[in-house]
Amino acid sequence: MANDPIERNQSLFRGIVYLCGFLLFWEWLRPLDQITDTANMAVFVVYAAFCFFLSFIHLPWFLTIPMKLIGLAFVLDGLFIGQRFLSGEWFRYVYEHIQFNFDVMVANQWWQMTPLFRSMLFLLLLWLMSYLLYYWFVVAKRTSFFVILTIVYVTVLDTFTIYEGKGAIIRTFLISLIAMGLSSFTKEMEKESIAIRGRRVYQAWIIPLMVVVLFASVVGYAAPKKAPQWPDPVPFIQGAVNGVGGSGGNSIQKVGYGTNDEQLGGSFVQDNTPVFQAVADSEHYWRIETKDVYTGKGWIRSSEGNPSEQVVANDINLGYFSDAVKREDKVATIAMNDNATFSKLVYPYGIQKVSNSEADTLVINPTTGEIIPQKNGESFQLNGYELAYAQPSFSFSQLSESGTDDPPQIDQAYTQLPESLPEQVRDLAEEIIAESSNRYEKARAVEEYFQRNGFEYSTKNIPVPDEGEDYTAQFLFDTQVGYCDNFSTSMVVLLRSVGVPARWAKGFTGGEQIDTVEVNGELKNVYQVTSANAHSWVEVYFPDIGWVAFEPTKGFGNHTDFYIEDTGEDDEESSEVDENLQEQLEQNQEQTPEMDEQDMVGKADESNGSGGSFTVPTWLWIVLIVLVLISLGLAFKYRYHLMTMYYRKKYIQHPGQRNYEAAYEFLLKVLDKKEDLNRSSDQTLKEFAHSVDDHYRSQEMGQLTYHYERLIYQRDSSQHPWDKMSELWENLIKKTLS
Amino acid sequence: MSQQTYLAHGKVHELFANIQSVMIGKEEVTTLSIVALLAKGHVLLEDVPGVGKTMLVRTLSKSVDCEFRRIQFTPDLLPSDVTGVSIYNPKTLEFEFRPGPLLGNIVLADEINRTSPKTQSSLLEGMEESHVTVDGNTIELKRPFFVMATQNPIEYEGTYPLPEAQLDRFLLKLNMGYPSAAEEMQMLDLISNDHPINRVQAVMTKEELIELQNQAAEVYVDPNIQRYIVNIVSETRRHPSAYLGVSPRGSIALMKAAKAYAFIQDRDFVLPDDVKYLAPFVLSHRLILNSEAKFEGMTSSDLVNDILQKVSIPVRKEK
């Protein structure tokens, strides 16, 4: 093929156009490592290049398919598989993975799909894309569709995610202009059967094209641009999207407990999927973990702490309270629901012991508060367990007198704030606590600050902070509307900015009481806890006492027990304080019923992380969406075949006038797509049938038309050989579609 | 536009074949004449003398076993010459009505544009009203009643062109046209001995003809075909080249003709094809072109064909 100079030019053009296709496709891959947890992007790009190259050099399929498969295996091997490449062990390993993942898919538990399998799907997708783009760019010479898709993709990602698409959009424009210029040139040459030889191609087309593209790009890049002429539509769109789908921000959000809180914000929808049932004396929060580092966008951990493994039978001591705290021994039973997909334990404050579980070991991390059950060295999800705990109660006087003498490690770890925190926030914190004399009052002041001052509880239309915007500042000064994450994070930040050690706790609220049961002669309540009960709150450190939970979220009551010690002293000041405290207590009590209504609420960010087993990875979504797009594309390409099948089935099932009419009209539509056969509106059906039959040297259209005419122009047409007609129809459709 | 029509109806085919034994070629004109006959309409034949107009009418009338009358129109022809006249009979001392040629079944009105408008209207009145008034008496015309008028488009001197309003009394306006060379040779061959018209036998009685006319009127016209007809006709009123469009009488004529045309193909319903085929014959003499179009050399048939290209065919059942 390379001997003929024209051919050589053509294939050179094709090569450049296809290369442009690959570069555009690369723009699709680039953002993935930022917006998803896809690592090792380079490997995927290399594999994509490999597939594109193989598609281009036009080897026979029995060579390319094995080559691509081996490439795929090689990539998987390098990324995941420790076995010797292509050994028996290796195949068994891959086979087991595939089998497992198919089971998982059948069970709709997408989040359990293993990275190996996900990567394999992704590689297959790259493979398919290489074909698709080859078809679009080289065979059909239709570049504009993919160019538009790419631009839309980049702009959407740029708008709605952290991805910065400025460079990408410029690259995309350059590449697309070149690709479209070249492909329209080759198309034009083919259409007009013009052959330009050798150098003249460059003079006639390529050099002008390059000059125009470069000139346009440079001018476009350098020219002064007007500021946006209308207000940024993004918040509105985000709001609208969030309101409807509960997804927003850069990741899919759903209600429930998740592990990744790096990017808070965004709306969500309620999800009342049960997570567990608890049998307990009273309603209280179920804690899972805490986080200590606020990044300005969300929460991360400074370290994973020092988890210690211990046998289940032993007592647990997280060391959150000093002995000075009054406690009451209680027990509770937890029955996890099948829908729960996290392995960490939920537990009340003051946990002492876990029993009646399948676990043999507990990995306890006092820093983060996580308790992970293990069996034979592997963590797993418990079906149920019993908890023994000493529910703490805090004395107002102790709290008020606890002072500020924090241990250095506490002070260091839990007063952290990002440097980017606006000064505004600190000023506000100072203002709020101005009249508070001790730490407890400060905490209460901040907690109460949210109950007034126009803050609103809502799960809808909650923005994600923009780049450079602080999550708490946005909430405190800008929106004042939010849910637990907004309130709790803001409270922690406010407290930390006045030097009070505080941390961010996650778990579930008490849930809805659904039943009462008798356990060992005692009446206990059964609480149903759903994903909607996922919640976050605040823990404040008090020296000599420990961590005390506070609840800033509007509409939620503080479930921490506080009590007033009967000191016997009767001086005026103290009783005044007592009165205040009493008032507060009452307030708390009042809030409780209100909470029941809004109790369902709580939210957790969809995790991007691989650590949690709860979440649907974003890039799986992308894979699914692309697969759906591809199948839609294929369905569109073969729509007439599909519709033929549909009409045929319908007609065979119910032969008769109506379906015959539909089938005939469909036939007209199909014939209309044929360039040399389409019916002009002044052509009667008979004339048209005549021309069709002339074209195919057949009788079918005439016969079909004969019957159709009788259907639509005759008064009553009953007797038609319906079964024979379906055959005629099928024959003709086949001829037309072939 | 010449079209071979498959005359599926047995009786009609017989009639057609009988006429064709005399007429060489001219299938289309023959077919359309039969259409007009069955649609109870009349035909205006426009062509030069000697192309067989009279022969066609005579053969037709002989084949149907009807009374054939011929009126040769001249400038001095009086209305009474057409309709008949009451003459005083000295024996009975009474006025006696002598029926004119109009009181036949099949009337050939030859060179209709040669007579005065007064005489023309007496003919046209009869065609439209199917009765004539003579001396205050109304005389019913015979049934079937079929007029075939001819006019010579070449000569203008001493002619009285038919007013447009009267032209639309004719269902169809046809052109005979010259035969092809082969047809003409065949004709010479045929004529050399005895004229074939002398051998023509009737293949149909008057009663049979009336029955066929009634059957043709029964043919079903679907609403979507009616809409198609109306669309075509109303388009003639909107067309930029038309000075005067087709009247509702034209729509009725088109539908009647289409019914008869479907009938001779032994079909009991009308197809758009029928309408489309007949439209130029039915409509072109019912409209007047404006001077601009005339100047550009456009004819009425061109206009109708132009309209037929614009109006879309109904291909779906009307809901």
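Me: What makes the five strands β2-β5-β8-β1-β9 of chain B an open sheet, and is the pairing parallel or antiparallel?

Reply: Those five strands form an open sheet in just that order, and the pairing is parallel. Two strands pair if DSSP finds at least two bridges between them. At the edges stand β2 (68–72) and β9 (172–174) of chain B, each with a single partner strand, so one side of each has no neighbour in the sheet. The strands themselves are DSSP runs of E, at least two residues long, while helices are runs of H or I of at least four, both numbered from the N terminus. A quick word on the source: this is a predicted model, where local features need pLDDT of at least 70, side-chain atom pairs count only at pLDDT 80 or more, and totals for chains, interfaces and linings use all residues. Residues are numbered from 1 along each chain as its sequence is written, and chains are lettered from A in the order in which they are written.

Me: How do you know that β1 and β8 of chain B pair?

Reply: Four bridges join β1 (residues 43–46) to β8 (residues 146–151) in chain B, and the rule asks for at least two. So they count as paired. Within this pair, Glu46(B) stands opposite Gln151(B).

Me: And what makes β8 and β9 of chain A partners?

Reply: Same test: β8 (residues 361–365) and β9 (residues 370–375) of chain A are joined by five bridges and run antiparallel, and at least two bridges are needed. Ile364(A) has Ile371(A) as its bridge partner in β9(A). Both strands belong to an open antiparallel sheet, ordered β5-β8-β9-β10 in chain A. Its edge strands are β5 (308–311) and β10 (378–379), each pairing on one side only.

Me: How do you know that the length of helix α7 of chain A agrees with what it should span?

Reply: Take 1.5 Å times one less than the number of residues. For the 17 residues of α7(A) (residues 144–160) that gives 24 Å, and the end C-alpha atoms are 24 Å apart, so the two agree.

Me: Which residues of α7(A) are called buried, and why are they said to be on the same side?

Reply: They're Phe146(A), Val147(A), Thr150(A), Val154(A) and Leu157(A). Buried means 20 or more other C-beta atoms within 10 Å of a residue's own; exposed means 12 or fewer, and partly exposed is in between, with C-beta atoms placed from the backbone. The buried ones cover an arc of only 105° around the axis (taken from the directions from the helix axis to the C-beta atoms), which puts them on the same side of α7(A). On the other side, Phe145(A), Ile148(A) and Val152(A) are exposed.
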